[in-house]
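Okay, thanks for coming, everyone. I'd like to walk you through a structure, so have a look at the screen and stop me if I go too fast.

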Amino acid sequence: MKAILVNDDRSLRWDDVPNPIVGKEDVLVKIEAAALNRADLMQREGDYPPPAGCPEWMGLEVAGEIVEMGDVAKEKSNFKVGDKVCSLLGGGGYAQYVNVKYDMIMPVPKNCSMVEAAAIPEAFATAYLNLFIEGKIKEGDTLLMNAGASGLASVIIPMAKAFGIRVITTVLSDEIAASIKHLNADLVVNTSKENIAEVLKKELEEGRGVDVAIDCLGGEIMGKCIHYLNHGARWIMIAALAGVKTEIDLKNIYVRNVRIIGSTLRSRTPKVKAEILKALVDNVWPKVETGEVKPTIYKVLPIQKAEEAHDILYRGENVGKVVLTVE
């Protein structure tokens with residue numbers, strides 16, 4: 001089979017690799033679409049190696065068709081050869097085929113295309129993990145989701161809204177604000193015109209303080225914003241694209257009982273990931289199938305153009321997910 005490999009100069013190539021060997025607990029999926037994540041860029045640059053036992057090539061979420069199943073997978077799952085599925089991977093999605101443990105696949109939701117289904121597993125699992133498991137968010141709470149034009153925000157914002165949560169998000173321009181209008185955030189802050197810390201201070205003073213923040217930016221502004229949260233709020237760090245250092249008033253943290261939580265999906269055990277996927281199917285799939293929650297697709301390219309697809313993420317131009325199709 002073929003997969004996308006990284007050359008010594010960090011460029012990409014579509015080349016031959018060994019076919020997967022299907023184990024007893026494995027499901028072999030013929031990949032039809034694979035979605036991009038920023039973790040793919042980090043892996044390409046050598047900063048985010050795949051977990052032990054995973055293929056060396058990138059790709060954390062795919063959709064495709066089951067073509068083979070191991071004996072234990074047949075016995076312990078309700079899936080069968082020919083089923084259309086989507087899957088969360090430790091790696092290996094930029095390819096024609098991938099081996100997946102039976103409890104890491106999900107049915108493609110009704111009314112979803114295969115491109116949309118490929119854009120679901122990693123982003124939706126990350127969203128669910130940080131909203132409901134780490135954030136313990138509930139109906140009526142207020143969420144701050146930074147970087148409203150990111151692929152993850154395009155999932156987190158509508159998912160939060162579908163569960164009755166008020167959402168504040170940030171963008172860099174009025175044009176970007178217009179491009180995410182369909183996500184229906186309650187308050188969109190253009191940080192080129194407004195100071196987000198001052199906005200959060202005003203929200204807190206007027207009784208609309210933030211209960212949960214999901215932050216992929218970090219940097220100096222994180223330390224300024226964290227002073228203006230509700231008592232008992234949770235600030236969840238999932239990346240630090242704007243800088244790894246900040247200055248925090250520690251007294252504010254303990255007086256307000258604020259929790260700072262570091263969170264990545266990739267570091268979770270396979271058992272925990274399987275539990276998250278089951279919760280997604282049980283709790284979120286009904287909202288996907290009614291159209292309340294859907295991934296936003298920015299661009300679709302053939303997998304042979306993976307380098308062009310990566311450039312879109314490097315430039316930060318995408319609003320929503322970039323997806324590769326596999327023939």
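I'll start with the overall picture, then go to one helix, two backbone angles and the cysteines.

Before that, the small print. This is a predicted model, so local features need pLDDT of at least 70 and side-chain atom pairs count only at pLDDT 80 or more, while totals for chains, interfaces and linings use all residues. Residues are numbered from 1 along each chain as its sequence is written, and side-chain values use heavy atoms, with hydrogens and water left out.

Right, the overall picture. The protein has 11 helices and 15 strands; these are DSSP runs, H or I of at least four residues for helices and E of at least two for strands, numbered from the N terminus. Its radius of gyration is 20 Å, close to the 20 Å that the globule rule gives for 327 residues, so the protein is as compact as a globular protein of that length. That radius is taken over C-alpha atoms, and the rule is 2.2 Å times the number of residues to the power 0.38. Along the principal axes, the C-alpha trace spans about 60 × 45 × 35 Å.

How much of the protein is buried? Of the 327 residues, 53% count as buried, where buried means under 20% relative accessible area, exposed over 50%, and partly exposed in between, with a 1.4 Å probe and protein chains only. Now contacts, meaning heavy atoms within 4.5 Å. Among those between residues at least 6 apart in sequence, 69% join residues at least 24 apart.

Let's zoom in on helix α4, residues 121-134. This helix is mostly covered, with 12 of its 14 residues buried. Among them are P121, F124, Y128 and L131. As a reminder, an α-helix has 3.6 residues a turn, so residues three or four places apart point the same way.

One residue I'd pick out here is E122. Is E122 buried or exposed? At 13% relative accessibility, E122 counts as buried. Leaving aside residues up to four places away in sequence, E122 touches N37, L60, E61, L88 and L265. L152 sits 30 residues from E122 along the chain, and their C-alpha atoms are separated by 9.1 Å.

On to the backbone angles. Most residues other than glycine have a negative phi. K136, though, has a positive phi near 50°. K136 follows α4, in the loop between that helix and β8 (142-145), and counts as exposed at 58% relative accessibility. R10 is not a glycine either, and has a positive phi of about 75°. You'll find R10 in the loop between β1 (2-6) and β2 (12-16); it is partly exposed, with a relative accessible area of 40%.

Last, the cysteines. How many disulfides does the structure hold? The count is 0, taking a disulfide as a pair of cysteine sulfur atoms within 2.5 Å. For C86, the nearest cysteine sulfur is that of C112, 8.0 Å away. Why no bond for C112? Because its closest cysteine sulfur, in C86, is 8.0 Å off, which is too far. C86 counts as buried, at 0% relative accessibility, and C112 is buried too, with a relative accessible area of 13%.

That's my tour; over to you for questions.
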